Amino acid sequence: RVTIGDLKPDLTIILDVPAEVGLARAAQRRGSEAPDRFEAEDVDFHRRLRDAFRQVATEEPDRCVLVDATQDIDAIAGRIWNVVGSRFIELRAARALEPTGA
């Protein structure tokens, strides 16, 4: 808030996975390296964090889209492309309805 005030993005995509799945994926990615500060937190922390993101998505449905990230990568990517594409179509339609100044 110090740097951007009340400015918010027009679209926030939240990739949603159970905490256990996210932690397992992170462990697989990092291999033998030590977990970072967030990965080192316990599973309850990650459950609360997931719940908080899901709550934001519920409270701001016009801005936030929850994407089930337990699916395969192609399904996730397809869902994201559809969300972004539909937002561009909505934006173009809204601009077409704006009066032009002359």
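Ser-86 sits in helix α3 of this predicted model. Ser-86 comes out as partly exposed, with a relative accessible area of 31%, because that value falls between the 20% and 50% cut-offs. Look across to Arg-63, 23 residues away along the chain, and you'll find its C-alpha atom 13 Å from that of Ser-86.

**Helix α3**
- Helix α3 covers residues 73-97, so its 25 residues should span 36 Å at 1.5 Å a residue.
- The C-alpha atoms at the two ends of α3 are 37 Å apart, which agrees with that expected span.
- At the N-terminal end of α3, Asp-72 acts as the cap.
- The capping contact puts a side-chain oxygen of Asp-72 3.0 Å from the backbone nitrogen of Asp-74.

**Where α1 meets α2**
- Helix α1 (residues 19-30) packs on helix α2 (residues 43-59) at an angle of about 115°, and their axes are 9 Å apart.
- The crossing of α1 past α2 is right-handed.
- From α1, Ala-19, Glu-20 and Leu-23 make the contact, and on the α2 side they meet Val-43, His-46, Arg-47 and Arg-50.
- Sorted by class, that α1–α2 contact holds three nonpolar, one polar and three charged residues.

**A closer look at His-46**
- His-46 belongs to helix α2.
- His-46 counts as buried because its relative accessible area is 15%, and the cut-off for buried is under 20%.
- Setting aside neighbours within four places in sequence, His-46 touches Ala-19, Leu-23, Phe-38, Glu-39 and Glu-41.
- Ala-19 and Leu-23, both on that list, are among the α1 residues that meet α2.

Notes:
Residues are numbered from 1 along each chain as its sequence is written. This is a predicted model: local features need pLDDT of at least 70, side-chain atom pairs count only at pLDDT 80 or more; totals for chains, interfaces and linings use all residues. Side-chain values use heavy atoms; hydrogens and water are left out. Helices (H or I, at least four residues) and strands (E, at least two) are DSSP runs, numbered from the N terminus. The expected span of a helix is 1.5 Å times one less than its number of residues. A polar contact is a pair of N or O atoms within 3.5 Å; within protein, one must be able to donate a hydrogen and the other to accept it, and residues adjacent in sequence count only if both atoms are side-chain atoms. Axes are lines fitted to C-alpha atoms, for helices over the stretch in contact, and angles run from 0 to 180 degrees between N-to-C directions. A crossing is left-handed if the near helix is turned anticlockwise from the far one by less than a right angle, and right-handed if clockwise. Contact means heavy atoms within 4.5 Å. Ala, Val, Leu, Ile, Met, Phe, Trp, Tyr, Cys and Pro count as nonpolar, Asp, Glu, Lys and Arg as charged, and the others, Gly among them, as polar. Buried means under 20% relative accessible area, exposed over 50%, partly exposed in between (1.4 Å probe, protein chains only).
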